[in-house]
Amino acid sequence: MKVLIVDDEEMIRGVLKEYVEFEGGTAFEASDGMQAVKLCRDNDFDIILMDVMMPKLDGFSAVKEIKKTKNIPVIMLSARGEEYDKLFGFEIGVDDYVTKPFSPKEVMARIHAVLKRGAQQEDDKDVVKFEGLTIDMVGRNVYVDGEKAELTPKEYEILFYFVKNKGIALTREKLLLDVWGFDFYGDDRTIDTHIKMLRSNLKQYRKFIVTLRGLGYKFEV
């Protein structure tokens with residue numbers, strides 16, 4: 001989970017960064033809207049926490065500029081709770097709105113809620129594409145740079161499960177439970193063996209399956 005935190009108050013950025021990193025995410029910081037726009041041009045983020053009132057370029061203007069080229073979920077942070085501000089934010093594509101002062105735990109909960117909604121919307125698509133990797137969720141077909149990949153049924157299940165949980169850290173135990181089921185009596189080596197074969201079939205796009213040492217795996221694009 002890559003989070004861009006945009007706020008002109010260093011203390012707020014520091015607190016939110018600490019909570020993001022505590023949950024295994026990676027936090028990037030910007031102190032004004034112009035800096036945020038520049039960062040989004042050169043990087044891909046899973047979500048943005050954007051303050052409204054900032055020097056150089058306010059949060060709303062920054063969001064409008066970012067949305068021209070990137071479809072990144074945005075949660076606005078503001079000391080102003082007026083209904084007009086919230087409505088305007090939603091009109092320009094903001095996903096949620098948190099009024100200051102706020103609890104960092106609440107912000108994290110809202111981040112997860114927004115990302116979950118986005119994942120569910122993506123799951124509803126028949127075909128998803130990540131660079132040259134194309135996944136037909138209904139037809140159960142996978143293409144690597146246009147060439148069909150020959151996956152075993154279990155490899156399909158693992159890959160589809162990864163896509164449905166994109167950006168979420170998955171323990172080996174959870175993978176065994178959700179993909180293999182309650183009646184499976186294997187061990188962690190089963191997971192590692194299947195993922196090794198899956199990575200081999202995905203060729204250069206094996207990079208999307210990230211190993212989390214001592215924990216499990218994550219599908220990250």
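**Notebook: aromatic cluster, hairpin and first helix**

I began with the aromatic residues and noted that Phe130, Phe162, Tyr205, Phe208 and Phe219 form one aromatic cluster. The model I consulted is predicted.

*Entry 1, ring pairs.* I searched the whole structure and recorded 7 aromatic pairs. I took up phenylalanine 162 and phenylalanine 219: the ring centres are 6.4 Å apart and the planes meet at 20 degrees, so I entered the pair as stacked. The cut-off for stacking is an angle under 30 degrees. I then located the two residues in the chain. Phenylalanine 162 belongs to helix α6 (residues 153-164) and phenylalanine 219 to strand β12 (residues 216-219); at 57 residues apart, they link distant parts of the chain. I found phenylalanine 162 buried, and phenylalanine 219 buried as well.

I next looked up tyrosine 205 and phenylalanine 208. This aromatic pair is also listed as stacked, with 5.9 Å centre to centre and 15 degrees between the planes. Both tyrosine 205 and phenylalanine 208 are buried.

*Entry 2, the hairpin.* From the cluster member Phe130 I moved to strand β6, residues 127-130. I asked which residues of β6 lie on its covered face and which on its uncovered one. Val128 and Phe130 make up the covered face, whereas Val127 and Lys129 make up the uncovered face. I followed β6 to its neighbour, strand β7 (residues 133-136): the two strands run antiparallel and are joined by 4 bridges. For lysine 129, I noted threonine 134 as the bridge partner in β7. Between the strands of this hairpin there are 2 residues, and I recorded a positive phi near 55 degrees for glutamate 131.

*Entry 3, helix α1.* I checked the length of helix α1 (residues 10-22). Its 13 residues should span 18 Å at 1.5 Å a residue, and I found the end C-alpha atoms 18 Å apart, which agrees. I then listed the buried residues of α1: Ile12, Arg13, Leu16 and Val20. Viewed down the axis of α1, the buried residues fall within an arc of 95 degrees, so I entered them as lining one face of the helix. On the other side of α1, I found Glu10, Met11, Glu18 and Phe22 exposed. Just after α1, glycine 24 takes a positive phi of about 90 degrees.

*Entry 4, a charge over a ring.* Last, I looked up lysine 2. Its charged end sits over the ring of phenylalanine 45, and I recorded a distance of 5.9 Å from the ring centre.

Notes: Residues are numbered from 1 along each chain as its sequence is written. This is a predicted model: local features need pLDDT of at least 70, side-chain atom pairs count only at pLDDT 80 or more; totals for chains, interfaces and linings use all residues. Side-chain values use heavy atoms; hydrogens and water are left out. Buried means under 20% relative accessible area, exposed over 50%, partly exposed in between (1.4 Å probe, protein chains only). Two strands pair if DSSP finds at least two bridges between them. The expected span of a helix is 1.5 Å times one less than its number of residues. The arc is that of the directions from the helix axis to the C-beta atoms. Rings of Phe, Tyr and Trp (its six-membered ring) pair if their centres lie within 6.5 Å; planes under 30 degrees apart count as stacked, over 60 as edge-to-face and the rest as tilted. A charge sits over a ring if NZ of Lys or CZ of Arg is within 6 Å of the ring centre and within 35 degrees of the ring normal.
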